Amino acid sequence: MELLALGEEHVARVAQLAQRTTQFNLTGRRWIEPALRAAIADGSLQGRVVFVRDRFGDYGLVGSVLYRRGEVLDVDSFFLSCRALGRGVEHRMLAHLGELAPVAIRLHFLPTERNTPAREFLDRTAAAWRAEEGAGTVFEVP
């Protein structure tokens, strides 16, 4: 697994993943390419992309996390293709965010019809920092 800074060359694939990923998408947000490009260009959004390969093959760019930096690392979107689930990739993505965060990571979860795997991941890894907020849940992990 390789985590890289989100670059211009990744934007089209990240937007595609945001549109297609339903099971492991914390908020169900569907970024479209022009909006994603604009948010990155104006500096309001930063991100990381995840590439996975193993002994069976190269899966390519399979996930991304988009965030805003402030007193906490406020995660806007966190999604991972189902091809990479169950390989520990989501745990390594969260650990990487911990390395980037100045004080804490704020993860937003909004339930959808299909994102139960994302909720289960958060319940297993961050339940101690869970707070209900409106229609969703916020996990603020120190």
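How many helices and how many strands are there in the protein chain? This predicted model contains four helices and seven strands. Taken in sequence order, these elements form the pattern β-α-α-β-β-β-α-β-α-β-β.

The overall dimensions come next. The C-alpha trace of the protein chain extends over about 35 × 35 × 30 Å along its principal axes. For 142 residues, a compact globule would be expected to have a radius of gyration near 14 Å, and because the protein chain has 14 Å, it agrees with that expectation. Contacts across the sequence can be considered alongside these values: among contacts with a separation of 6 or more, 58% join residues 24 or more positions apart.

Turning to the surface, the protein chain exposes about 7200 Å², of which carbon and sulfur atoms supply 51%. The side chains include 18 positive and 18 negative ones, and 5 Å separates the centres of the two sets. As for the interior, 45% of the 142 residues count as buried.

In soluble globular proteins, nonpolar side chains tend to be buried together. In the present model, the largest nonpolar core comprises 27 residues, and Val75, Phe78, Leu97 and Leu107 have the most contacts inside it. At least two residues of this core are supplied by each of strand 2 (46-54), strand 3 (57-69), strand 4 (73-80), helix 3 (89-100), strand 5 (105-109), helix 4 (116-126) and strand 7 (136-141). Helix 3 makes the greatest contribution to this core, giving five residues.

Which residues does Leu107 touch, not counting those up to four places away in sequence? With that exclusion, Leu107 is in contact with Leu26, Val75, Phe78, Leu94, Leu122, Thr137, Val138, Phe139 and Val141. Two of these partners, Val75 and Phe78, are themselves listed with Leu107 among the residues having the most contacts inside the largest core.

There is also a second, separate core, which has 15 residues, including Val11, Ala15, Trp31 and Leu61.

A final residue to consider is His10, which is located in the loop between strand 1 (2-5) and helix 1 (11-20). Is His10 buried or exposed? Its relative accessibility is 7%, and buried means under 20%, so His10 counts as buried. Leaving aside residues up to four places away in sequence, His10 touches Ala5, Val49, Phe51 and Leu61. Of these, Leu61 is one of the residues of the second core.

How values were computed: Residues numbered from 1 in each chain as written. Predicted model: local features only at pLDDT ≥ 70, side-chain atom pairs only at ≥ 80, totals over all residues. Heavy atoms only, no water. Rg over C-alpha atoms; globule rule 2.2 N^0.38 Å. Buried < 20%, exposed > 50% of the residue type's maximum accessible area, 1.4 Å probe, protein only. Contact = heavy atoms within 4.5 Å. Areas by Shrake-Rupley, 256 points an atom, 1.4 Å probe, with all protein chains shown as cover. Lys, Arg positive; Asp, Glu negative; His and termini not counted. Charge placed at Lys NZ, Arg CZ, Asp CG, Glu CD. Core = buried A, V, L, I, M, F, W, Y, C linked by side-chain atoms within 4.5 Å.
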